[in-house]
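Colleague: I've got a fresh model open and I'd like to learn how to read it properly. Can we go through it feature by feature?

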Amino acid sequence: MAELASYAVNESNSRGRKIAEPAPHGRSEFQRDRDRIIHSGAFRRLEYKTQVFVNHEGDLFRTRLTHSIEVAQIARSIARRLRLNEDLAEAISLAHDLGHTPFGHAGQDALNACMKAYGGFEHNLQSLRVVDSLEERYAAFGGLNLCFETREGILKHCSAANAAQLGEVGQRFLNNRRPSLEAQIANLADEIAYNNHDVDDGLRSGLITLEQLAAVPLVAEHLEEVRRAYPGLTGRRVVHETVRRMINTLVSDLIRQSEHNIGKQNPTTLEDVRSSPAMIAFSTEMNERQRALKNFLHIHLYRHYRVLRMSSKAQRIIGDLFGVFMADNRLLPPQFQCQAEPDRARAVADYIAGMTDRYAIREHRRIFAVEEVS
Ligand code: MG
């Protein structure tokens, strides 16, 4: 493998872990971070958390777990090509969604509304909270005690008010600085992954059609290419061949544009990266084409009445659970019981955010369903 660029994150320019630990044997610090993330409970729960489609709607749809693995795959390819730290890009990608509530964005919006008087709820911050304190796996410390650069990458965005309370990892939001290029890669790999797999899942679900998608230039161009090259091809293979070509086009564009930006900014150290404008980016033209695809997905998939029905149900489940736990703390499992506000609300939010879709549905039933008397 090619040597890392001088401005890549490495073990010698890393700001290290909050609690110092002996160096790992036979693996890098960032491999250790990745391994800790994979062994966490929050990572396993991603399997039963909605990306767009609720887990029980079908076995082939993306879940937060398969989404995160796809993000990691894309991020690693890009990082390696740019001679950046592949292990760090992978660790950030695998951890980026750990703080998501059940039921996707509908769940986060509902929990955020419930938490309005107590500082709100934001999945990015929650991902950091999971790795910093909620995971209970080690004798010597709470959380996973990850390296600063992994934590920095997980905290993709953050309000100034929240940043001020986060110490070193929040500083860049107050000082207008950028995270590592590895973090920038994980962020855009997330976009490449969900735009493409949502096309695939959307088609699989029947909520959108290839005919509709032909109006989106990024899709149309690749679909035509596939139909020209393989005139007899039908069914799923048309879709998959189109989507894989779209991913390839986006990844290639991102690498080309980022190489150009890096050449222009000419960083030599990691600190140069932090003080320069973001360098990992799509070309302007590709940004436009991606925006058109996103718009299409918003209108035709994320706001499809069948998706909205599930979102509405999800919001009621989250709202009901929050309300009942706030009203009577004794209904919570003991480790989440806490008397004083706002810690009490935060503990309820932690409990709810940690639930999988099906756990939330069951918990709702356990508390609200009145059994028929036979
Ligand atoms: Mg994501």
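Colleague: Let's start with the metal. How are the donor residues of the magnesium ion spaced in sequence?

Modeller: The spacing pattern is H-x28-H-D-x92-D. Keep in mind as we go that this is a predicted model.

Colleague: Which parts of the chain does a pair such as His96 and Asp190 link?

Modeller: Distant ones: His96 sits in the loop between α4 (86–95) and α5 (104–114), while Asp190 belongs to helix α10 (residues 181–205), 94 residues apart.

Colleague: And which atoms actually coordinate the magnesium ion?

Modeller: You'll find NE2 of His67, NE2 of His96, and OD atoms of Asp97 and Asp190, at 2.1 to 2.6 Å. As a general yardstick for geometry, ideal angles are 109.5 degrees for four tetrahedral donors, and 90 or 180 degrees for six octahedral ones.

Colleague: Are His96 and Asp190 buried or exposed?

Modeller: Both His96 and Asp190 are buried.

Colleague: Zooming out, how many helices and strands does the protein have?

Modeller: There are 18 helices and zero strands. The radius of gyration is 22 Å, close to the 21 Å that the globule rule gives for 374 residues, so the protein is as compact as a globular protein of that length. The C-alpha atoms fill a box of roughly 65 × 55 × 35 Å along the principal axes.

Colleague: What share of the residues counts as buried?

Modeller: 52% of the 374 residues. For contacts with a separation of 6 or more, 71% come from residues 24 or more positions apart. The accessible surface is about 17800 Å², and carbon and sulfur atoms hold 49% of that.

Colleague: How do I read a single helix? What should α16 span?

Modeller: Start with the general idea: an α-helix has 3.6 residues a turn, so residues three or four places apart point the same way. Now the case here: at 1.5 Å a residue, the 23 residues of α16 (residues 305–327) should span 33 Å, and the end C-alpha atoms are indeed 33 Å apart. Its buried residues include Val307, Met310, Ser311, Ala314, Ile317, Ile318 and Leu321. The buried residues of α16 pack against α5, α15 (284–302), α17 (343–353) and α18 (357–368).

Colleague: How far apart are the end C-alpha atoms of α6?

Modeller: Only 14 Å, for 12 residues (123–134), which is short of the 16 Å a straight helix would reach at 1.5 Å a residue. Among the buried residues of α6 are His123, Leu125, Leu128, Val130 and Val131. Partners for the buried residues of α6 include α2 (41–45), α4, α7 (148–154) and α17.

Colleague: Now aromatics. How many aromatic pairs are there?

Modeller: Four. In general, a pair of aromatic rings is described by the distance of the centres and the angle of the planes. Take Phe336 and Tyr351: their ring centres are 4.7 Å apart and the planes are at 40°, so the pair is tilted. Phe336 lies in the loop between α16 and α17, and Tyr351 in helix α17, 15 residues apart. Tyr351 counts as buried because its relative accessibility is 6%, with the cut-off being under 20%. Phe325, Phe336, Tyr351 and Tyr359 form one aromatic cluster.

Colleague: One last residue: where is His304?

Modeller: In the loop between α15 and α16. At 17% relative accessibility, His304 counts as buried. Leaving aside residues up to four places away in sequence, His304 touches Leu207 and Ile299.

Conventions:
Residues are numbered from 1 along each chain as its sequence is written. This is a predicted model: local features need pLDDT of at least 70, side-chain atom pairs count only at pLDDT 80 or more; totals for chains, interfaces and linings use all residues. Side-chain values use heavy atoms; hydrogens and water are left out. Donors are N, O and S atoms within 2.8 Å of the metal (3.2 Å for Na, K and Ca); water is not among the atoms, so sites may look incomplete. Helices (H or I, at least four residues) and strands (E, at least two) are DSSP runs, numbered from the N terminus. Buried means under 20% relative accessible area, exposed over 50%, partly exposed in between (1.4 Å probe, protein chains only). The expected span of a helix is 1.5 Å times one less than its number of residues. Contact means heavy atoms within 4.5 Å. The radius of gyration is taken over C-alpha atoms; the globule rule is 2.2 Å times the number of residues to the power 0.38. Accessible areas come from the Shrake-Rupley method with a 1.4 Å probe; for residues, only the protein chains shown count as cover. Rings of Phe, Tyr and Trp (its six-membered ring) pair if their centres lie within 6.5 Å; planes under 30 degrees apart count as stacked, over 60 as edge-to-face and the rest as tilted.
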